[in-house]
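Please open the model in your viewer and keep the selection panel at hand. The stops below go from the whole chain to single residues.

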Amino acid sequence: MASAVVILAAGSGSRVGATVDGAPVNKVLLPLVDAPVLAHSVRTALATPGVRRVVVVARPGEESLVTDALVPHLPPDPAESGTPEVALVTGGATRHASEHAALRTLTPWVAAGEIEVVAIHDGARPLASRELFSATITAAAEHGGAIPVAPATGLVTADARPAPADLAGVQTPQAFRAGLLLTAYDRADREGFEGTDTASCVERWAEDVRIAAVPSTARNLKVTFPEDVALADHLLRHSR
């Protein structure tokens with residue numbers, strides 16, 4: 001299954017409070033074991049069977065920072081090594097706008113039938129495995145769309161009661177058949193709609209699509225708070 005992976009790195013990460021030499025820094029550029037947070041997702045995407053292109057979305061003004069952070073951790077010659085090329089695009093003011101910017105760069109390959117499925121992933125989720133990428137892409141090819149879900153624990157309702165036991169949290173990568181994904185975002189753009197995540201846009205604008213749930217775990221954490229960086233570091237070091 002020929003696929004592409006979009007990795008979003010255009011958020012601010014203000015809740016992490018990340019700084020380098022006293023200056024604020026995007027959380028996806030923080031060091032994590034042997035590489036920046038973002039590089040872990042990019043390397044996993046490149047190693048996923050069937051992935052033909054990887055698109056990294058940078059925040060405006062951070063293109064050089066992202067490039068400098070990633071290049072030392074990428075294969076030096078994609079053509080010679082047989083790995084997909086990594087493209088960098090500038091994101092927009094919102095997550096939805098950043099996703100659409102990446103999808104526009106993939107349009108020629110989708111139109112030519114060279115990319116059948118597109119997965120969109122948060123660069124702040126460095127522990128997503130190659131197996132999770134593969135399972136989500138495969139499910140999307142079969143059903144039209146797929147999202148990883150994991151049990152949501154330790155939650156309470158607004159009135160302080162325990163949340164339902166079967167409540168699940170949605171993660172990334174979220175994958176969809178490429179044609180319907182581009183169509184959904186083009187329709188959303190014409191109507192001025194912006195979804196909170198990829199699945200919300202597809203559900204609203206793509207017709208007759210089933211979004212399958214792919215089992216995941218809490219290990220696919222999102223770096224949101226300072227302690228998440230330390231936890232991700234611990235998990236990576238003890239999984240080798």
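With the whole chain selected, the accessible surface comes to about 11600 Å², of which 53% belongs to carbon and sulfur atoms; accessible areas here follow the Shrake-Rupley method with a 1.4 Å probe, and for residues only the protein chains shown count as cover. This is a predicted model, in which local features need pLDDT of at least 70 and side-chain atom pairs count only at pLDDT 80 or more, while totals for chains, interfaces and linings use all residues. Residues are numbered from 1 along each chain as its sequence is written, and side-chain values use heavy atoms, with hydrogens and water left out.

Colour next by secondary structure: the chain has 8 helices and 12 strands, taken as DSSP runs numbered from the N terminus (helices H or I of at least four residues, strands E of at least two). Colouring by burial instead, buried residues make up 48% of the 240 residues, where buried means under 20% relative accessible area, exposed over 50% and partly exposed in between. Of the contacts (heavy atoms within 4.5 Å) between residues at least 6 apart in sequence, 73% join residues at least 24 apart.

Now select α6 and α7, which pack at an angle of about 80 degrees with their axes 9 Å apart; the axes are lines fitted to C-alpha atoms, for helices over the stretch in contact, and angles run from 0 to 180 degrees between N-to-C directions. The two helices are therefore roughly perpendicular, a term covering 65 to 115 degrees. Residues making the contact include Leu180, Leu181 and Tyr185 of α6 and Cys201, Val202 and Trp205 of α7.

Stay on Trp205, which is buried at 12% relative accessibility, and add Phe193 from the loop between α6 (178-191) and α7 (198-205). Their ring centres are 6.1 Å apart and their planes at 70 degrees, so the pair is edge-to-face; rings of Phe, Tyr and Trp (its six-membered ring) pair if their centres lie within 6.5 Å, with planes under 30 degrees apart counted as stacked, over 60 as edge-to-face and the rest as tilted.

For another ring, select Trp109 and Arg53: the charged end of Arg53 sits over the ring of Trp109, 3.9 Å from its centre, the criterion being NZ of Lys or CZ of Arg within 6 Å of the ring centre and within 35 degrees of the ring normal.

Finally, go to Leu221, in the loop between β12 (210-215) and α8 (226-237), which is buried at 9% relative accessibility. Which residues does Leu221 touch, not counting those up to four places away in sequence? Among them are Ala124, Pro126, Leu127, Leu231 and Leu235.

Note on methods: Buried means under 20% relative accessible area, exposed over 50%, partly exposed in between (1.4 Å probe, protein chains only). Angles under 35 degrees count as roughly parallel, over 145 as roughly antiparallel, 65 to 115 as roughly perpendicular and the rest as oblique.
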